[in-house]
Amino acid sequence: MKKILLIIATILLFASCTKNYNDASVMYFIKGLGEPYTVMYLNESGKTITENINPMGNSDTLWTYNFTEKQGDLVYLYVKYKDVDPAMSTFKVMIKVDDKMFKYADSYDKVQVANGDTSFVIRRSGTVPF
Amino acid sequence: MLVLISTLSVFAQKNTIKAFVYDKTTSDPISNVEVLIQPINKWVVTNSKGVFNLTELKAGKYSMEFNHVSYITQSNDYELKDGPCLVLKINLIPKMYNLDEFVIKGSMIKRVPYIKNTVLREEIEQKAVRDIGDYLRTIPNVSGIRKGGTNIDPVVRGFRFSQLNIQINGGVKIEGGCPNRMDPTLSHVDIDAIEAIEVIKGPYALRYGPSFGGVINLLTTNPKPYDKFEIHLKGIKGYESNWNGTKERLAVMGGNKKVFFVFAGNNENYGNYTAGNGELINSEFRKFSYSGKIGFAIKENHKILFSYDESYGRDVLFAALPMDERTDDTKLMSFDYTARKISKTISSIDAKIFNSDVNHLMDNKNRSFSDTVAATSYIEADQLGYRAEVGLNIFKKGHLYIGTDFLQTKKDGERLKNIIGQDPAMGKVKVKAEDLWNDALIENYGFFTEFKDKFGTFEIVAAVRLDLNKATSDTIKLVGMSMTPPPPVLILNDSTDSEFTNFSFSVGATKKLTDNFSVGLSFGRGVRSPDMIERFIILLPIGYDKYDYLGNPQLEPETNNEVDLTFNYNDDNIGAFELNGFYSKVDNFITGRILPKTVQKPLTAGVIGVKEFYNQDNVNIWGFEFGYKTSLNYKFGANVTAAYTNATVSKITRHIFDANGNATGTEELTNDPLSEMPPMEINANIFYKLFRAKFIPNIHFRYVTSQKNVSQAFYENETPSFTLLDFNMTYKFNSILTLTGGINNILDEAYYEHLNRRVIGSSVNIYEPGRVFFVNLIVNI
């Protein structure tokens with residue numbers, strides 16, 4: 001009896017000592033930009049990926065990127081957009097975690113002027129919540 | 001008729017038992033041993049000479065059970081015959097000796113002229129404790145720095161961090177990885193693995209490494225030999241409300257005369273707690289550990305012990321720090337050799353070698369500012385050491401210990417900043433790497449001797465210690481974040497190398513004035529070399545104030561010159577009193593001073609500048625401790641303690657700031673209070689022993705005065721006074737099962753200790769937990 005108790009107790013103890021961080025589904029989401037733009041983001045490997053998107057004038061074009069991250073991992077979404085009249089654009093830039101809104105933008109963070117071109121920049125970032 | 005009368009007189013004859021109860025290891029008499037005599041169901045307690053008398057006994061068979069908190073319970077049967085008094089000599093085996101033969105015997109001096117507090121496992125199990133630093137705060141003049149829910153850093157009479165020699169099992173050391181002291185030495189040992197804790201105040205115990213402000217020795221469960229093979233289990237399951245915290249420990253121990261072992265596992269899982277004002281404190285943590293020890297009796301009085309321990313911390317939150325501990329993986333191994341009674345001259349040989357390896361990962365991902373700069377720091381800290389001593393019998397009752405020890409500390413680590421609050425550069429999210437330590441190394445070679453003897457009514461203890469300390473580090477690099485282009489490297493010192501020879505000594509005597517009254521006087525000079533942080537830290541906010549701190553490789557060692565005067569009075573009926581006064585003069589006290597921003601800008605968000613460590617002279621610390629406990633002869637009992645520490649710096653420069661936090665000038669202060677000194681506090685316990693001490697309810701009262709004696713130079717905040725009321729009880733069902741439980745902070749008081757660090761981004765200290773209900777179930781099979 002004593003030996004059985006010892007074995008059960010030991011198993012219980014060791015079984016209770018594990019914990020893993022949960023996975024979270026992450027979605028980067030851009031909609032409402034009709035002119036070409038550049039998007040830069042951190043992917044599931046933590047690498048910075050750059051993509052040039054051309055919606056061909058269709059502002060209903062949706063760009064998304066879905067992947068799985070662990071709690072505590074970094075998410076980062078950067079959009080650089082050249083628009084003749086930014087006020088006319090109605091766009092949404094989002095980072096969703098587990099289908100819930102995590103970061104959101106519907107207006108530009110800043111305007112950059114370089115080489116005669118005017119660019120509008122949106123940047124959203126954070127860590128996947130624990 | 002005559003025959004009948006004679007027979008009756010024999011039956012009516014009343015007899016006496018007189019017993020002397022001694023400590024088997026020291027032959028000292030043991031007072032306050034509770035003795036239960038069956039079948040007459042009588043209960044007596046030994047006096048200060050370890051003696052009890054039982055009179056008016058009929059002839060017959062009796063069994064006696066001897067109980068004392070520090071000794072293994074012993075039961076014996078006796079046959080009392082009519083005639084002369086039955087005189088018994090009882091030798092009780094100390095629990096610590098039995099469980100920890102390798103370490104305790106001869107490890108710490110038995111009778112000392114200074115203050116030594118010992119806490120046993122049984123006392124710890126009665127409380128709701130999850131952290132050694134938290135529990136130590138119950139000892140007079142021991143306080144703690146709270147930064148989160150656990151890993152409280154102890155402060156003894158105002159001395160802290162490396163000013164305290166904290167060790168495990170009489171010599172093993174662990175260097176925490178975190179520069180913010182998320183993981184001080186105590187945090188790497190589970191409170192439920194503790195058999196006893198010894199706290200020696202002052203620079204007196206020099207056999208166990210450099211001692212500056214005191215020694216804290218953690219004694220964990222060691223295996224013991226058995227006459228024939230046995231196996232046992234010890235289990236603890238604890239729960240605390242408020243935090244919704246649970247803890248478990250299981251230890252399997254056994255063996256025979258030749259081979260004996262202990263294998264154990266611990267697990268703690270606590271959530272955030274709520275303070276008395278309803279504020280939720282980010283304090284959750286998870287810790288678990290495994291350990292194994294196996295001993296071999298290689299021949300009579302010669303033993304070896306192998307120990308291996310792994311402990312882990314996960315998601316330990318610190319409300320007061322800019323980061324939390326994400327993972328902390330610690331591996332500790334040691335090998336001990338012990339020999340006793342080798343010859344008439346050589347009484348003992350002890351040798352120990354150990355290695356500890358701490359891998360500490362922390363980040364700011366639970367902070368709102370991680371949305372712009374997500375920082376992760378990784379630090380590796382290793383310690384390797386040995387200790388060897390030989391004990392000699394000299395003169396009639398004298399003992400001389402001669403030995404050597406060595407400690408090597410290595411530290412390396414960096415902080416990675418993912419700057420996600422800025423635009424990418426060169427097609428990548430910006431990442432910046434900064435050194436926290438750069439292959440820093442400290443080595444300390446120690447040589448020591450200690451002598452103790454008894455001359456008439458005097459007991460003398462004297463010790464001498466020599467330390468050869470050297471340190472080095474790769475370049476300390478400092479990079480100004482906002483300077484474009486970044487300045488190459490700023491080296492504040494010509495060299496990162498330093499070398500010291502430190503001489504420490506202590507001498508003390510106890511004079512027995514009467515059977516009940518003694519007085520002890522000690523003087524000590526303890527010298528310690530600067531530690532890793534003080535020498536080599538590269539810009540982190542590790543202090544009380546909001547400054548990045550910068551190490552100084554050219555610091556001089558700190559010296560504590562201390563005197564202690566202690567009075568003891570012990571009476572079987574009145575109880576025991578102890579009164580101690582101490583005074584320390586610290587030379588080369590290590591603290592921080594401001595560096596102008598033109599020399600170095602801070603690297604941490606939210607701090608207001610940079611401070612570099614330097615040596616400050618003329619620091620004076622003094623205070624007292626008082627304790628009283630009633631005699632255990634009575635069912636009703638009480639104890640009272642009071643403690644106070646005060647400290648000043650004779651002369652110090654204070655910087656004056658404008659509303660924007662810019663330094664606009666300086667002023668000289670005289671007799672400025674030293675920062676982070678605990679206020680005076682008074683504790684009282686009242687208990688009553690029911691059902692022959694099987695059930696003991698206890699009420700605890702604690703009053704802490706306000707602390708208005710605060711450092712002007714450090715812009716330290718005052719703290720208000722508070723009063724606490726706790727209740728706890730112990731019920732021992734039988735030898736297998738014990739239940740303890742109670743309520744902490746019954747009045748749900750919202751309070752914080754003066755030494756609690758401030759919540760990050762706030763000027764308010766972290767509040768302590770509000771009302772907590774707790775229960776511990778303890779099983780011994």
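**Entry 1: β16 and its neighbours**

I began with strand pairing in this predicted model, at the step from β16(B) to strand β17 (residues 259–270) of chain B. Ten bridges join these two strands, and they run antiparallel. I looked up one pair as a register mark: B:Gly254 has B:Phe261 in β17(B) as its bridge partner. The connection is a hairpin, with three residues between β16(B) and β17(B).

I then turned to strand β15 (residues 230–240) of chain B. Eleven bridges join β15(B) to β16(B), again in an antiparallel arrangement. As a register mark here I noted B:Glu230, whose bridge partner in β16(B) is B:Gly255. β15(B) and β16(B) also form a hairpin, this one with four residues between the strands. In that turn I found B:Asn242 with a positive phi of about 75°.

How many residues of strand β16 (residues 245–255) are buried? I count nine of its eleven, and I record the strand as mostly covered.

**Entry 2: chain B as a whole**

I listed the secondary structure of chain B next: five helices and 43 strands. Along the principal axes, the C-alpha trace of chain B spans about 120 × 55 × 50 Å. I compared the radius of gyration with the globule rule: for 781 residues a compact globule would have a value near 28 Å, and chain B has 28 Å, so the two agree. Of the 781 residues in chain B, 46% are buried. I also checked the sequence range of the contacts. Of those between residues at least 6 apart in sequence, 66% join residues at least 24 apart.

**Entry 3: domains of chain B**

The domain assignment gives domain 1 (2–93) and domain 2 (116–279 + 302–774) for chain B. I find their C-alpha centres 45 Å apart. Where the two meet, nine residues of domain 1 of chain B are in contact with eight residues of domain 2 of chain B. On the domain 1 side that touches domain 2, β2 (34–38) and β3 (42–45) of chain B each supply at least two residues. I sorted the residues of that side by type and obtained four nonpolar, four polar and one charged.

**Entry 4: nonpolar cores**

Which residues have the most contacts inside the largest nonpolar core? The core has 110 residues, and the answer is B:Ile132, B:Ile194 and B:Leu218. I followed B:Ile132 further, leaving out residues up to four places away in sequence. B:Ile132 touches B:Leu186, B:Val189 and B:Ile191, and also B:Ile194 and B:Leu218. Apart from the largest core lies another, of 25 residues. Among its members I noted A:Ile30, A:Tyr41 and A:Phe120 from chain A, together with B:Val429 from chain B.

**Entry 5: B:Ile379**

My last entry concerns B:Ile379, which I placed in strand β24 (residues 374–394) of chain B. Why does B:Ile379 count as buried? It has 22 C-beta neighbours inside 10 Å, and the cut-off for a buried residue is 20 or more. Leaving out residues up to four places away in sequence, I list its contacts as B:Gly177, B:Cys178, B:His360, B:Lys411, B:Gly413, B:Leu436 and B:Trp437. I looked up one of these pairs separately: B:Ile379 and B:Gly177 are 202 residues apart along the chain, yet their C-alpha atoms are separated by 5.5 Å.

Definitions and conventions:
Residues numbered from 1 in each chain as written. Chains lettered and ligands numbered in written order. Predicted model: local features only at pLDDT ≥ 70, side-chain atom pairs only at ≥ 80, totals over all residues. Rg over C-alpha atoms; globule rule 2.2 N^0.38 Å. Buried ≥ 20, exposed ≤ 12 C-beta atoms within 10 Å, placed from the backbone. Contact = placed C-beta atoms within 7 Å. Core = buried A, V, L, I, M, F, W, Y, C linked by C-beta atoms within 7 Å. Pairing = 2+ DSSP bridges. Domains from an automatic or database assignment. Nonpolar A, V, L, I, M, F, W, Y, C, P; charged D, E, K, R; others polar.
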